[in-house]
Amino acid sequence: MKTLVIGASTNPERYSFKAINSLLNHNHSVVAIGQKIGEVSGVKIQTKQIPLKNIDTVTLYINAKNQRDYYNYILQLQPKRVIFNPGTENPEFYQLLKSNNIEVEVACTLVLLATNQY
């Protein structure tokens, strides 16, 4: 299963950084997009909305306002689900995703992984 982390950061204090490491530790393949080019545990952080295939899950670490720039991109990826981590809640986007048959999960990626619910 391939996961796209949007809002990726090279700062070890950030939850997106912790999520990338946890996903890798749970044997998930990870692709990352962030504001700055960098690398987390061998995963290169892209700064553009690159074409991707076979994305199972998108996990968000950007606020609702910044998500608007990603609506069409995420819809084109056709993931099975989008995880809205704490602080990323966005009812407008939930509706858009659901109307495109994409599952919405308002949860914490780190908790889902730690409790084997990912």
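# Reading strands, rings and cores

Trainee: Let's start with strands. How many bridges join β2 to β4, and do these strands run parallel or antiparallel?

Mentor: Strand β2 (residues 29-34) and strand β4 (residues 43-46) are joined by two bridges, and they run parallel. One bridge is easy to look up: A32 has I45 in β4 as its partner. Keep in mind that you are looking at a predicted model.

Trainee: And β3 with β4: parallel or antiparallel?

Mentor: Antiparallel this time, with three bridges joining β3 to β4. Here E39 finds its bridge partner, K44, in β4. The two strands make a hairpin with two residues between them, and S41 in that turn has a positive phi of about 50°.

Trainee: In what order do the strands of the whole sheet lie?

Mentor: Read across the open sheet and you meet seven strands, in the order β3-β4-β2-β1-β5-β6-β7, with mixed pairing. At the edges sit β3 (38-40) and β7 (103-106), each of which pairs on one side only. On average, neighbouring strands in this sheet are turned by 25° against each other, direction ignored.

Trainee: Which strands does helix α1 touch?

Mentor: Helix α1 (residues 15-25) packs on the sheet and touches β1 (2-8), β2, β3 and β4. Its direction makes about 165° with that of β1.

Trainee: Where do side chains point along a strand?

Mentor: In a regular strand they alternate between the two faces of the sheet. You can follow this along β4: V43 and I45 point to one face and are buried, while K44 and Q46 point to the other and are not buried.

Trainee: Now rings. What describes a pair of aromatic rings?

Mentor: Two things do: how far apart the centres are, and the angle between the planes. This structure has four aromatic pairs. Take Y71 and F93: the ring centres are 4.2 Å apart and the planes are at 20°, so this pair is stacked. Since Y71 belongs to helix α3 (residues 71-77) and F93 to helix α4 (residues 91-99), the pair ties together parts that are 22 residues apart in sequence.

Trainee: Is Y71 buried or exposed?

Mentor: Buried, at a relative accessible area of 10%. F93 is buried too, with a value of 0%.

Trainee: How are the rings of F84 and F93 placed?

Mentor: Their centres are 5.8 Å apart and their planes are at 85°, so you call that pair edge-to-face. Both F84 and F93 are buried. Follow the ring pairs along and you get a cluster of Y71, F84, F93 and Y94.

Trainee: Which charged residue sits over the ring of Y118?

Mentor: R81, whose charged end is 4.4 Å from the centre of that ring. You can also look at K18, which lies over the face of Y15 at 5.0 Å from the ring centre.

Trainee: On to the nonpolar cores. Which residues of the largest one touch the most other members?

Mentor: Look for L4, V58, I74 and L97 among the 22 residues of that core. At least two residues come from each of β1, β2, β5 (55-60), α3, β6 (81-84) and α4. Helix α3 gives the most, with five residues.

Trainee: What is L97 in contact with, beyond its neighbours within four places in sequence?

Mentor: Its contacts there are I74, L75, V82, F84, I102 and V104. Apart from this core lies another, of 18 residues, including F17, I20, L112 and Y118.

Trainee: Last one: phi. What sign does it have in most residues other than glycine?

Mentor: Negative, so a positive value is worth a look. N101, in the loop between α4 and β7, has a positive phi near 60°. At 73% relative accessibility, N101 counts as exposed, because the cut-off for that word is over 50%.

Trainee: Where is N116 found?

Mentor: In the segment after α5 (109-114). N116 has a positive phi near 55°, and with 68% relative accessibility it counts as exposed.

Conventions:
Residues numbered from 1 in each chain as written. Predicted model: local features only at pLDDT ≥ 70, side-chain atom pairs only at ≥ 80, totals over all residues. Heavy atoms only, no water. Pairing = 2+ DSSP bridges. Helix = DSSP H or I, 4+ residues; strand = E, 2+ residues; numbered from the N terminus. Axes fitted to C-alpha atoms, helices over the stretch in contact; angles between N-to-C directions. Contact = heavy atoms within 4.5 Å. Phe/Tyr/Trp six-rings, centres within 6.5 Å; stacked < 30°, edge-to-face > 60°. Buried < 20%, exposed > 50% of the residue type's maximum accessible area, 1.4 Å probe, protein only. Lys NZ or Arg CZ within 6 Å of the ring centre and 35° of its normal. Core = buried A, V, L, I, M, F, W, Y, C linked by side-chain atoms within 4.5 Å.
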